[in-house]
Amino acid sequence: MARVLPILLILIAISFPYLNSADRHSHEESILECLYSQNYNNTISQVTFTPTNSSYDSILQFSIKNSRFNTSASPKPVLIVTPDSIPQIQTTILCSKKHKFQIRIRSGGHDYEGLSYTSPDHNSSFLILDLISFRNISIDLAQQTAWIQPAVTTGELYYRIAEKSSTLAFPSGICPTVGLGGQISGGGWGTLLRKYGLAADNVLDTRVIDAEGRILDRASMGEDMFWAIRGGGGNTFGIVIAWKIKLVPVPASVTACTVTRTLEQNATEIVHRWQYVVDKLSNDVFFMVVLNRVVNPIQANATTIQASFNSLYLGSIEGLILMMEAKFPDLGLRRENCVEMSWAGFPLNSPLESLLDRTISATGSAKFKGKSDYVKEPIPISGFEGIWEKLKEVGVQTGGLILASYGGKMSEIPESSIPFPHRAGLRGLYEYMTPYVSKNPREAYANYRDLDIGRNGGGGEGDYRRARSWGSSYYKNNFDRLVRVKTAVDPANFFRNEQSIPPLSSWR
Ligand code: FDA
């Protein structure tokens, strides 16, 4: 799981001419001059931070959610802009273009490979446009819609919806600190995906600033670009400054259950059986399994594998127990495994206010590496036994695998409806699973960014033929349509990173 990226992959062609330190210095000064001279009233100087500024480190680090990229060796931005107005964003785009700086757009900072705040290319000059001040939420209860800004986290959104209504929700991710700027740009799955699909399936309108600095909405950008920004990946088509989302109905009280089983408690057979049952359950059930290596509770100095079966049911405890007794008796679900709570409360065991805390994170301050796979056929018992051995071998403190079932509404939405194409199957996170996972392409979820499966050239320079291999894993047959949209809306490839969609002009 915790693989170190091969150094060879970092030593690739660079996008900007090499600058010696004196050139670099004047290059930085020239963009600062541009920002200060172009921005009306020069308000941008108050939200622009260079490494000499005492706040630079704390602003940079506040939204770094993967400590793997928070080291002294991690490439740092030459400056950070934290705009609090749209003209400041437009000025940053125009000056970055003029002075050939790459922009890294950051909303919540959860990018698995840190691409919103660093670059694997040590020679690239980039700045961070940190949207942390864009955090408004405006809920229209009568219309059951909301306008949200990109740095709003899922937790903040769930909290503000719950404040106004106990029977409305939004089908986005589970971790409360993830930013909706990045999450919706890549899809966004959570506990309501079997009932209502992805977050990106529930976007009605948007505001995006394009590479020319224009503000576009759904009508002015057209349906192709509106399709592309809902799942085609962040930092590719423009800067999302707002989403209009559709809220969905949920019961005032839902049921959350956790059952844990170790290998000694028949975990292998129950996980195996889970695969056959899970997509046949009502769409009101979300049901995932987390597999971890743990200390063996019955054998000193030994480890075992623990399977944690976590479910969320849009109904009562009794209703879920009856369903499980009929469809999945092997699990042995009991009342004491379950609690009834508000939908927004899942999976927290703390007051709802903790949803507002941007500093907590599922990954804590850990260095992590994540991978994703799609499983189309059930994994046999022997496959799981091999996985347990691999999990026990993993040379890191914590290695784990999450299996989350799609099905339900996800199977009803066509693969081309938005760029996210993986509408049927289970999700896993481990290379050992090669024989058991999707092939040609080996599919992956764009929001679980993984540079091991391929990347653009230095500084994010795109190359269509190279990008096609990792692009097909994330987007399958939607990749070419994404390239066509990119070619139309950003032919000069201003918005780019190591896994952004390249324009067709990059065919070499
Ligand atoms: P970040 O700010 O790092 O942005 C991610 C990408 O989007 C970057 O390329 C960035 O440049 C771009 N971007 C950000 N804001 C943009 C904007 N306004 N306009 C254009 N581009 C923009 N996913 C999921 O579906 N369900 C889940 O439950 C979880 N849970 C989860 C937990 C944890 C701990 C992590 C680390 C990640 C997840 N994810 C997830 C994955 C998550 O959805 C994914 O990493 C998102 O891209 C993160 O969005 P942020 O805005 O937080 O990241």
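Colleague: Which helix gives the largest share of the shell around the ligand?

Modeller: Happy to help; keep in mind that this is a predicted model. Strand 3 (102-106), helix 6 (180-186) and strand 10 (239-246) are the elements that give two or more residues to the shell around the ligand. The largest share, three residues, comes from helix 6.

Colleague: How many residues surround the ligand, and how many of the shell are charged?

Modeller: The ligand is surrounded by 34 residues, and among the closest are Ile174 and Tyr445. Sorted by class, the shell holds 14 nonpolar and 17 polar residues, and the charged ones number three.

Colleague: Which residue has a polar side-chain atom 2.7 Å from a nitrogen atom of the ligand?

Modeller: Two of the contacts use the backbone. A polar backbone atom of Ile105 is 2.6 Å from an oxygen atom of the ligand, and a backbone N or O atom of Trp189 lies 2.8 Å from a nitrogen atom of the ligand. The side-chain contact at 2.7 Å belongs to Ser107.

Colleague: What percentage of the ligand's accessible area does the protein cover?

Modeller: On its own, the ligand has 960 Å² of accessible area. The share of this area covered by the protein is 96%.

Colleague: Away from the ligand question, what is the bridge partner of Val289 in strand 17?

Modeller: Let's start with strand 13 (residues 285-295), which pairs with strand 14 (residues 303-313) in the antiparallel sense over eleven bridges; there, Val290 is partnered with Ser308. Strand 13 also pairs with strand 17 (residues 400-405), again antiparallel, over five bridges. In strand 17, the bridge partner of Val289 is Leu403.

Methods: Residues are numbered from 1 along each chain as its sequence is written. This is a predicted model: local features need pLDDT of at least 70, side-chain atom pairs count only at pLDDT 80 or more; totals for chains, interfaces and linings use all residues. Side-chain values use heavy atoms; hydrogens and water are left out. Two strands pair if DSSP finds at least two bridges between them. Helices (H or I, at least four residues) and strands (E, at least two) are DSSP runs, numbered from the N terminus. A residue is near a molecule or strand if one of its heavy atoms lies within 4 Å of it. A polar contact is a pair of N or O atoms within 3.5 Å; within protein, one must be able to donate a hydrogen and the other to accept it, and residues adjacent in sequence count only if both atoms are side-chain atoms. Accessible areas come from the Shrake-Rupley method with a 1.4 Å probe; for residues, only the protein chains shown count as cover. Ala, Val, Leu, Ile, Met, Phe, Trp, Tyr, Cys and Pro count as nonpolar, Asp, Glu, Lys and Arg as charged, and the others, Gly among them, as polar.
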